[in-house]
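Hi,

Here's the structure I said I'd pass along. Have a look at it first, and then read on for what turned up.

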Amino acid sequence: MRTDEFWQLIDRARAGGGGEAPAVAARATALLAEHDPAEIVGYARHQRRVLVASRTVDLWGAAYLINGGASDDGFEYFRGWLMTQGREVFARAVADPDSLAELPQIRSAALTGEEFESEDMLAVPWEAYRKATAADLPADPDPAPGPAPELDFWDFDDEESARRQLPRLAALFVEPPEE
């Protein structure tokens, strides 16, 4: 499965899934299950590449600010939610994590405390393969795209660091400085 096909499937799921992450994941699973098993494996490979490419310290910092913390799993699930937002939002967030401050649901979360995670979106290829074949997704014989890069973390709890690294998100999720 090519990059365009991967994101087109997610766009179709978004259109038919009502926009909420659980619905998008369920619809993506149903749509992917209609594909040939080899294409489902290709989707899983592409998803792995997307996750590796999006494992950046500033995106992790954005997830941490937005969700009030982000463990290893929490960061994975945040990126699952980010995939449900579509290719344009995902690519912009990877290139500039602070751009997430422009999303209405993120701005709203600054007031409501809503968190953004979708473990279900990460399970799409496994669930689709099981649905299509009644078997587990086979182990990928292709090598992984390489180990995830080691990250040089900044202190996500330090307000000044947050303001320096992600000023727009910090303006939403960090108390303004006292004057």
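Let me start with a question: are Trp81 and Phe116 buried or exposed? Both of them are buried. Bear in mind as you read that this is a predicted model.

**The overall picture**

The protein chain has 11 helices and zero strands, so if you walk from the N terminus you meet α elements one after another. Of the 179 residues in the chain, 43% are buried. The accessible surface comes to about 9300 Å², and carbon and sulfur atoms account for 48% of that. If you take the contacts between residues at least 6 apart in sequence, 70% of them join residues at least 24 apart.

**The core**

The largest nonpolar core holds 54 residues. The members that touch the most others are Phe78, Leu82, Leu100, Met121 and Leu169. As background, nonpolar side chains in soluble globular proteins tend to be buried together. To get a feel for the core, click on Leu82: leaving out residues up to four places away in sequence, Leu82 touches Leu59, Val89, Phe90, Ala93 and Leu100.

**Aromatic rings**

There are 10 aromatic pairs in the structure. In one of them, Phe78 and Trp81 have ring centres 5.7 Å apart and planes at 40°, so this pair counts as tilted. Phe78 and Trp81 sit three residues apart in helix H5 (residues 72-83), which means about one helical turn separates them. Phe78 is buried, and Trp81 is too.

Trp81 also pairs with Phe116, again in a tilted arrangement, with 4.6 Å from centre to centre and 40° between the planes. Here the partners come from separate places: Trp81 is in helix H5, while Phe116 is in the loop between helix H7 (104-112) and H8, so the pair ties together parts that are 35 residues apart in sequence.

Elsewhere, Trp60, Tyr64, Phe75, Phe153, Trp154 and Phe156 form one aromatic cluster.

**Trp7, in H1**

Trp7 lies in helix H1 (residues 3-16). Trp7 counts as buried because its relative accessible area is 6%, under the 20% cut-off. Which residues does Trp7 contact, leaving aside its neighbours within four places in sequence? They are His46, Val50, Met83, Gly86, Arg87 and Phe90. Trp7 and Tyr43 are 36 residues apart in sequence, and their C-alpha atoms are 9.8 Å apart in space.

**H9 and what follows**

Helix H9 (124-133) has Val124, Pro125, Ala128 and Tyr129 buried. These residues cover an arc of only 120° around the axis, so they are on the same side of H9. What do the buried residues of H9 pack against? Their partners are helix H2 (21-33), helix H3 (37-53) and helix H8 (119-122).

Right after H9 comes Ala134, with a positive phi near 60°. That is a positive value in a residue other than glycine, if you want to check the backbone there. Ala134 is in the loop between H9 and H10. Is Ala134 buried or exposed? Ala134 counts as exposed because its relative accessibility is 72%, over the 50% cut-off.

**Two residues in H10**

Ser161 is in helix H10 (residues 159-165). With a relative accessibility of 10%, Ser161 counts as buried. Not counting residues up to four places away in sequence, Ser161 touches Trp154 and Asp155, and Trp154 is also one of the members of the aromatic cluster above.

Arg163 is in H10 as well. The side chains of Arg163 and Glu160 are joined by a polar contact of 3.0 Å. Further along the chain, Val174 is 11 residues away from Arg163, and the C-alpha atoms of the two are separated by 8.1 Å.

If you only have a few minutes, I'd begin with Trp81, which forms tilted pairs with both Phe78 and Phe116, and then go on to the buried side of H9.

Cheers

How values were computed. Residues numbered from 1 in each chain as written. Predicted model: local features only at pLDDT ≥ 70, side-chain atom pairs only at ≥ 80, totals over all residues. Heavy atoms only, no water. Core = buried A, V, L, I, M, F, W, Y, C linked by side-chain atoms within 4.5 Å. Buried < 20%, exposed > 50% of the residue type's maximum accessible area, 1.4 Å probe, protein only. Contact = heavy atoms within 4.5 Å. Helix = DSSP H or I, 4+ residues; strand = E, 2+ residues; numbered from the N terminus. Areas by Shrake-Rupley, 256 points an atom, 1.4 Å probe, with all protein chains shown as cover. Arc of directions from axis to C-beta. Polar contact = N/O pair within 3.5 Å; in protein donor to acceptor, adjacent residues only side chain to side chain. Phe/Tyr/Trp six-rings, centres within 6.5 Å; stacked < 30°, edge-to-face > 60°.
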